[in-house]
Amino acid sequence: VTELRWVGPQDADVLLVAGALFDAAPDPQWTAEFLARSGHHLCIAYVDGVPAGFITGVELCHPDKGTEMYLYELGVEEEYREKGVEHALISALAGRAKERGCYGMWTLTDVENLAARRSYEAVGGTERGTQLTLDWQLTD
Ligand SMILES: CC(C)(COP(=O)(O)OP(=O)(O)OC[C@H]1O[C@@H](n2cnc3c(N)ncnc32)[C@H](O)[C@@H]1OP(=O)(O)O)[C@@H](O)C(=O)NCCC(=O)NCCS
């Protein structure tokens, strides 16, 4: 049984329990900031009460384009993969994006990450473009 829970500004403690889902332990200050910011969304999927996966999304708005949802990160614990958890999380974020008036949703993934590419396509994502990612390092 997969249960989805949206995490709100009052629920930061939920991440203490579900923190292992993330690449690194969530920082209390950044967590509070993320949850308090408008247009920032975080949902956790529980399977039989155990945190099994999460998704984050951030709304991006542009003067000539309107508002879209950026699927920022998504991860499902290895033992819970291929059980529909990703499907549930992406559908939930897409639903929230629609409620919020977003015209679309998008994400980035590595060309080599064939599992992610196949699973995104399986839940309705279509691939486009051949863009590169460029970074600016802003800390010393
Ligand atoms: C990619 C990932 C999120 C998929 O999560 P999941 O919960 O196992 O996916 P689901 O069970 O909801 O499957 C969704 C669809 O993708 C397909 N799928 C899932 N994993 C797959 C794989 N390894 N290879 C091919 N197809 C796959 C499923 O068959 C399903 O398709 P269907 O709806 O036609 O049956 C998960 O493997 C993961 O966390 N990987 C590591 C982190 C990562 O790569 N994140 C994305 C970075 S951009």
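Here are a few friendly notes on this predicted model, from its confidence to its strands, one acidic residue and its aromatic rings.

1. **Confidence.** The chain has an average pLDDT of 95, and 99% of the residues reach at least 70. Within the chain, helix H1 (residues 14-18) has the lowest confidence, with a mean of 86. Strand S5 (residues 105-106) sits at the other end, with the highest value, 98. As a general reminder, where pLDDT is low, the predicted coordinates should not be read in detail.

2. **Strand S2 and its cover.** A good place to start looking is strand S2, which spans residues 40-47. This strand is mostly covered, with seven of its eight residues buried.

3. **The S1 partner.** Which way do S1 and S2 run relative to each other, parallel or antiparallel? They run antiparallel, and five bridges join S2 to strand S1 (residues 2-6). To find the register on screen, look for Arg 5, which stands opposite Ile 44 in S2.

4. **The S3 partner and the turn.** S2 also pairs with strand S3 (residues 50-62), again in an antiparallel arrangement, through eight bridges. Here Leu 42 stands opposite Thr 56 in S3. S2 and S3 form a hairpin with two residues between the strands, and Asp 48 in this hairpin takes a positive phi near 50 degrees.

5. **Glu 86, worth a second look.** Glu 86 belongs to helix H3 (residues 85-99). What is the nearest side chain of opposite charge to Glu 86? It is Arg 81, at 9.3 Å, and Glu 86 is buried yet has no salt bridge. Leaving aside residues up to four places away in sequence, Glu 86 touches Leu 74, Val 76, Ser 119, Tyr 120 and Val 123.

6. **Aromatic rings.** The model holds three aromatic pairs. In the pair of Tyr 70 and Tyr 72, the ring centres are 5.7 Å apart and the planes meet at 45 degrees, so the pair is tilted. That angle falls between the cut-offs, since planes under 30 degrees apart count as stacked and those over 60 as edge-to-face. Together with Trp 106, Tyr 70 and Tyr 72 form one aromatic cluster.

7. **Exposure of the two tyrosines.** Are Tyr 70 and Tyr 72 buried or partly exposed? Tyr 70 has a relative accessibility of 15%, so it counts as buried, the cut-off for that being under 20%. Tyr 72, at 46%, counts as partly exposed, because exposed would require over 50%.

Terms used
Residues numbered from 1 in each chain as written. Predicted model: local features only at pLDDT ≥ 70, side-chain atom pairs only at ≥ 80, totals over all residues. Heavy atoms only, no water. Buried < 20%, exposed > 50% of the residue type's maximum accessible area, 1.4 Å probe, protein only. Helix = DSSP H or I, 4+ residues; strand = E, 2+ residues; numbered from the N terminus. Pairing = 2+ DSSP bridges. pLDDT = per-residue confidence, 0-100. Lys, Arg positive; Asp, Glu negative; His and termini not counted. Salt bridge = Lys/Arg side-chain N within 4 Å of Asp/Glu carboxyl O. Contact = heavy atoms within 4.5 Å. Phe/Tyr/Trp six-rings, centres within 6.5 Å; stacked < 30°, edge-to-face > 60°.
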